[in-house]
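Biologist: Please examine a single part of this model closely, choosing one strand from the interior, and then place that strand in its wider setting. I should like a connected account.

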Amino acid sequence: MAVAPHAEAFDQLLCVDVHDETHDVKSFTFLSSDGKAFDFEAGQHLSLELEIDGLPESRCYSMSSSPARRKAITVTVKRTEGGRVSNWLHDNLVAGMTVKAMGPLGAFVRPATAPAKLALLSGGSGITPLMSIVRDIADSAQQAADVVFVHAARTPRDLVFRDELGVLANRLKGLRLILLPEQVTGEPSWPGLTGRLSKAFLSLAIPDLAERVIMCCGPAPFMQAVRSFSAELGSPAQNYYEESFDGAGVEEPPAEVLPQARAFKVEFAKQSRTIEVADGQTVLSSAKKAGIRLPSSCANGLCGTCKSKLVSGSVDMQHNGGIRQREVEAGFFLPCCSKPLSDLVIDR
């Protein structure tokens with residue numbers, strides 16, 4: 001069986017199914033257009049490369065499907081207010097259409113050397129990579145797995161994969177499921193707990209949290225809360241992992257507050273544009289301010305979408321797994337997390 005290579009190689013994907021998960025979340029299932037099987041790890045993501053109204057757009061979406069089912073791949077997308085790509089997918093992508101994608105990407109996977117005990121915590125549509133992990137555990141018949149899965153959402157109708165999670169919890173003896181809607185509007189007979197995630201809740205729901213590997217995905221405030229509560233409950237920092245595509249927590253001082261900063265000239269060769277990037281600013285942020293279009297998704301060195309060839313010059317790149325060492329050695333870099341150390345020429 002031919003296998004899609006493990007680096008930026010999904011290319012053309014054929015949509016074969018669109019499924020409504022909730023009122024504002026859909027799952028899109030794809031086959032490889034050339035019949036290859038998929039090779040990825042549970043928790044990883046891909047970058048969809050689209051053209052909307054004549055303009056290129058790219059966004060990262062975690063795979064929600066199990067890597068054990070290699071013939072197809074599924075991403076699960078929440079419609080967001082003003083979301084250019086998510087709204088287009090919900091309104092336009094149907095079975096029979098093809099899209100371009102890069103992947104697999106990301107390092108949000110179960111650490112190979114970590115303890116077997118897991119605590120999975122998701123907020124809203126952040127459940128997607130964690131669902132892939134649970135599906136993989138089920139498909140791989142890992143009956144010895146010890147997993148506590150806490151899935152929080154605004155209301156019961158917003159609990160993505162609610163029914164399937166119930167089936168998996170009944171099937172897997174080592175999976176303990178806790179669904180936590182903040183409120184029960186529209187479902188007054190809700191049988192479980194309600195409210196927001198708190199330190200007290202975590203200490204009661206997962207009393208051995210400090211012994212578990214914690215994998216968390218959701219809105220930035222949700223992840224910040226889980227990170228803080230986990231630390232206060234004695235969980236080692238090295239046992240905490242989170243996934244984020246919004247660049248939350250990665251901030252740069254605006255260039256205008258650095259009037260004495262040195263500026264570097266950065267040339268985009270294919271676009272015949274040259275801009276100035278202040279010392280301490282990333283190439284991507286400055287390029288966007290100047291109206292230069294570069295593909296990007298996560299903005300913090302996770303996804304690799306903005307990967308570009310550096311023709312000349314040097315940068316300080318602090319990435320989070322979105323580029324491989326052999327690519328760096330070949331002259332590639334990530335503008336989203338790279339600050340110039342000299343004048344640059346970029347093959348864009």
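Modeller: A residue is called buried here when its relative accessible area is under 20%, and exposed when that value is over 50%. The model is a predicted one, and the part I have chosen is strand 10, residues 213–217. Both faces of this strand are covered: Val213, Met215 and Cys217 are buried on one side, and Ile214 and Cys216 are buried on the other. Five of the five residues of strand 10 are therefore below the cut-off for burial. For the protein chain, 48% of the 348 residues count as buried.

The neighbours of the strand come next. Strand 10 pairs with strand 7 in the parallel sense, over five bridges. Within this pairing, Met215 of strand 10 is the bridge partner of Leu120. Strand 10 is also joined to strand 11, residues 240–243, by four bridges, and these two strands likewise run parallel. There, Ile214 has Tyr240 of strand 11 as its bridge partner.

Met215 leads from the pairing into the nonpolar interior. The largest nonpolar core has 27 residues, and Met215, Leu120 and Phe149 are those that touch the most other members. Two or more residues of this core come from each of strand 7 (117–123), helix 2, strand 8, helix 3 (162–171), strand 9 and strand 10. Helix 2 makes the greatest contribution, with seven residues. In soluble globular proteins, nonpolar side chains tend to be buried together.

Leu120 shows how these elements meet. When neighbours within four places in sequence are left aside, Leu120 is in contact with Met215 and Phe149, and also with Leu130, Ile133, Val134, Val147, Val148 and Val150. A second, separate core holds 21 residues, among them Cys15, Leu46, Val75 and Val77.

Helix 2 also has contacts of another kind. Ser132 lies in this helix, and it is buried, with a relative accessible area of 0%. Beyond its neighbours within four places in sequence, Ser132 is in contact with Phe40, Ala42, Gly43, Met63, Ser64, Ser65, Ser66 and Pro67. Contacts between residues far apart in sequence are also frequent in the chain: of the contacts with a separation of 6 or more, 68% join residues 24 or more positions apart.

Just beyond the end of strand 10, the account turns from packed side chains to open space. Gly218 and Pro219 are among the residues nearest the centre of the largest pocket, together with Gly123, Ser125 and Gly126. This pocket has a volume of about 1,300 Å³, and 44 residues line it. Elements that give two or more residues to the lining include helix 1 (84–92), helix 2 (127–139), strand 8 (146–153), strand 9 (175–181) and helix 5 (220–232). Helix 5 provides the largest share, five residues. By class, the lining has 20 nonpolar, 14 polar and ten charged residues.

Helix 1, one of the contributors to the pocket lining, has Val85, Ser86, Asn87, Trp88, Leu89 and His90 buried. The cover over its buried residues includes strand 2 (25–32), strand 3 (45–52), strand 4 and strand 5.

Enclosed space is a separate matter. The structure holds one cavity of 30 Å³ or more, and the largest cavity has a volume of about 60 Å³. Ten residues line this cavity, and Ile137, Ala145, Leu172, Gly174 and Leu175 lie nearest its centre. Six of the lining residues are nonpolar, three are polar and one is charged.

A few points of backbone geometry complete the setting. Most residues other than glycine have a negative phi, and most peptide bonds are trans. Phe161, in the loop between strand 8 and helix 3, has a positive phi near 65 degrees, and counts as buried at 3% relative accessibility. Asp53, in the loop between strand 3 and strand 4, has a positive phi of about 55 degrees, but this residue is exposed, with a relative accessible area of 70%. The peptide bond from Gly103 to Pro104 is cis, with omega near 0 degrees, and Pro104 lies in strand 6.

Definitions and conventions. Residues are numbered from 1 along each chain as its sequence is written. This is a predicted model: local features need pLDDT of at least 70, side-chain atom pairs count only at pLDDT 80 or more; totals for chains, interfaces and linings use all residues. Side-chain values use heavy atoms; hydrogens and water are left out. On a 1 Å grid over the protein atoms alone, a cavity is a set of points where a 1.4 Å probe fits but cannot get out, and a pocket is an open set with protein on both sides within 12 Å along at least five of seven lines; lining residues have an atom within 4 Å of a point. Grid points are joined across faces, edges and corners, and a volume is the space filled by probe spheres set on the points. Ala, Val, Leu, Ile, Met, Phe, Trp, Tyr, Cys and Pro count as nonpolar, Asp, Glu, Lys and Arg as charged, and the others, Gly among them, as polar. A nonpolar core is a set of buried Ala, Val, Leu, Ile, Met, Phe, Trp, Tyr and Cys residues joined through side-chain atoms within 4.5 Å. Buried means under 20% relative accessible area, exposed over 50%, partly exposed in between (1.4 Å probe, protein chains only). Contact means heavy atoms within 4.5 Å. Two strands pair if DSSP finds at least two bridges between them.
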